[in-house]
Amino acid sequence: MAEATVGTNFLTLSHRAKRFDVENAIQQANAGRSHKQGIEYQWQDALTASPIWRKITVAPMRWPKGQSIVSIQEITDQITHQIQLENYEAELLELKTNFSSLVHDLRSPLTSFKLYLDLLQKAKTGKKEKYLTIMHQEIMHMNKLVDDLLALSRLEIPDVHSLALVDIMSLVQEVVVVEQPIANDKGLTLRFLFPNEEPVWVWGQSRQLLRVVTNLVSNALRYTAVGTVTIQLKLEPEQNRVELTVSDTGIGIAPEVLPFIFEPFFRSPRAQAVTPKGTGLGLAIVKRIIALHNGSIDVFSELNQGTSFRIFLPLVRDTAVSQPSP
Ligand SMILES: Nc1ncnc2c1ncn2[C@@H]1O[C@H](COP(=O)(O)OP(=O)(O)O)[C@@H](O)[C@H]1O
Ligand SMILES: [Mg+2]
């Protein structure tokens with residue numbers, strides 16, 4: 001029994017809310033009914049404020065009748081162990097689910113690739129072109145999947161050495177240059193709204209932040225058939241933050257799937273019908289990177305109207321004195 005328990009009056013030890021149960025158990029025991037289960041409760045240690053779990057068992061005495069023995073056992077270690085075990089099990093289950101999604105997602109382009117390879121071998125000249133195009137698409141998809149997976153797994157080990165001042169203004173401009181041809185191909189307008197030409201500084205890893213903006217803009221372009229994709233940068237110096245929104249006029253996200261979109265491998269049924277196929281990893285990567293940069297992300301969406309992702313990042317106002325955040 002731990003020191004906190006030894007030599008202390010049991011009424012002091014029992015939790016206020018549980019005292020009634022304890023007294024009730026004593027009464028029952030005194031009346032000759034043994035209390036088999038014991039009463040478990042959590043107790044805040046007054047000195048360390050850490051939780052202590054205790055179990056109180058009341059057993060009637062044979063002699064003298066009408067009295068009972070109250071034993072108090074400290075079970076903190078057992079309970080902590082049990083909670084840890086439950087956490088491990090939940091993690092393991094998640095890992096297994098993710099792993100089987102991954103294997104499934106890697107297998108489907110491979111199966112399709114093999115099928116078209118067989119067809120290609122037997123095909124007449126006219127068909128060959130078509131099969132090669134499909135095989136190229138499948139390989140591109142697998143490539144993207146492996147890239148995204150690598151990105152996601154690397155994020156588990158944050159690299160503090162590559163932190164630097166990053167200019168969000170020029171970073172977004174870089175993304176616009178790369179994504180513009182895709183917008184043009186689909187007949188979509190891609191625009192970037194910003195307060196002025198000045199740089200906007202945040203602390204972080206430029207490659208990762210580039211990935212964030214790229215993922216959001218390429219989602220917006222992918223899930224929009226007609227209209228406009230707007231990237232907007234706003235400064236909020238009073239709140240020491242930068243606001244970046246990526247909005248589209250696309251298919252939108254149904255409210256019932258909205259809670260899942262940041263989970264790895266989640267792709268909404270409507271999104272699965274859109275080509276080129278996604279990997280379901282983009283937003284999981286975005287969310288993790290934003291968290292590593294002490295930022296936040298939220299989303300607003302209306303079905304068939306459009307979607308808007310909004311990011312906040314801590315703004316660096318004085319580039320001469322600022323230190324990287326831990
Ligand atoms: N701009 C958007 N418009 C509509 N749906 C979106 C948008 N961005 C993300 N989603 C939804 O969130 C899901 C997860 O996004 P993401 O992680 O990037 O995976 P995906 O590879 O499928 O794009 C998508 O499958 C889609 O259902
Ligand atoms: Mg995506």
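**Exercise 1. Find which residues of this predicted model come nearest to ligand 1, and describe the shell around it.**

*Solution.* Start at the ligand and look outward. There are 22 residues around ligand 1, and those that come nearest are Ser 268, Ala 271, Gly 278, Gly 282 and Leu 283. Next, ask which elements give two or more residues to this shell: they are helix 6 (206-222) and helix 8 (282-292). Finally, sort the shell by class. You should find 10 nonpolar residues, 10 polar ones and two charged ones.

**Exercise 2. Work out whether the length of helix 6 agrees with the span expected at 1.5 Å a residue.**

*Solution.* Take the residue count to begin with: helix 6 has 17 residues. The expected span is 1.5 Å times one less than that number, so the helix should span 24 Å. Now compare this with the model, where the end C-alpha atoms of helix 6 are 24 Å apart, which agrees.

Then try helix 4 (residues 125-154) in the same way. Its 30 residues should span 44 Å at 1.5 Å a residue, and its end C-alpha atoms are 44 Å apart, so the two values agree.

**Exercise 3. List buried residues of helix 6 and of helix 4, and say what covers those of helix 4.**

*Solution.* Walk along helix 6 first. Its buried residues include Gln 208, Leu 209, Val 212 and Val 213, and further on Asn 215, Leu 216, Val 217, Asn 219, Ala 220, Leu 221 and Arg 222. In helix 4, turn to Glu 138, His 141 and Asp 148, which are buried. The cover over these helix 4 residues includes helix 3 (76-122) and helix 8.

**Exercise 4. Describe the largest nonpolar core and find which element gives it the largest share.**

*Solution.* Begin with the members of this core, which has 36 residues. Those that touch the most other members are Ile 168, Leu 171, Val 213, Leu 216, Val 217 and Ala 220. Then look at the suppliers: at least two residues each come from helix 5 (168-186), helix 6, strand 7 (228-236), strand 8 (241-247), helix 8 and strand 10 (306-314). Helix 6 gives the largest share, seven residues.

Now zoom in on Val 217. Setting aside neighbours within four places in sequence, Val 217 is in contact with Val 175, Glu 179, Val 229, Ile 231 and Val 246. Another core lies apart from the largest one; it has five residues, among them Val 22, Ala 25, Ile 56 and Val 58.

**Exercise 5. Give an overview of the protein chain.**

*Solution.* Count the elements: there are eight helices and 10 strands. Then check burial, where 23% of the 326 residues count as buried. Last, take contacts between residues at least 6 apart in sequence; 63% of them join residues at least 24 apart.

Conventions: Residues are numbered from 1 along each chain as its sequence is written. Chains are lettered from A and ligands numbered from 1 in the order in which they are written. This is a predicted model: local features need pLDDT of at least 70, side-chain atom pairs count only at pLDDT 80 or more; totals for chains, interfaces and linings use all residues. A residue is near a molecule or strand if its C-beta atom, placed from the backbone, lies within 6 Å of it. Ala, Val, Leu, Ile, Met, Phe, Trp, Tyr, Cys and Pro count as nonpolar, Asp, Glu, Lys and Arg as charged, and the others, Gly among them, as polar. A nonpolar core is a set of buried Ala, Val, Leu, Ile, Met, Phe, Trp, Tyr and Cys residues joined through C-beta atoms within 7 Å. A residue is buried if 20 or more other C-beta atoms lie within 10 Å of its own, exposed if 12 or fewer, and partly exposed in between; C-beta atoms are placed from the backbone. Two residues are in contact if their C-beta atoms, placed from the backbone, lie within 7 Å.
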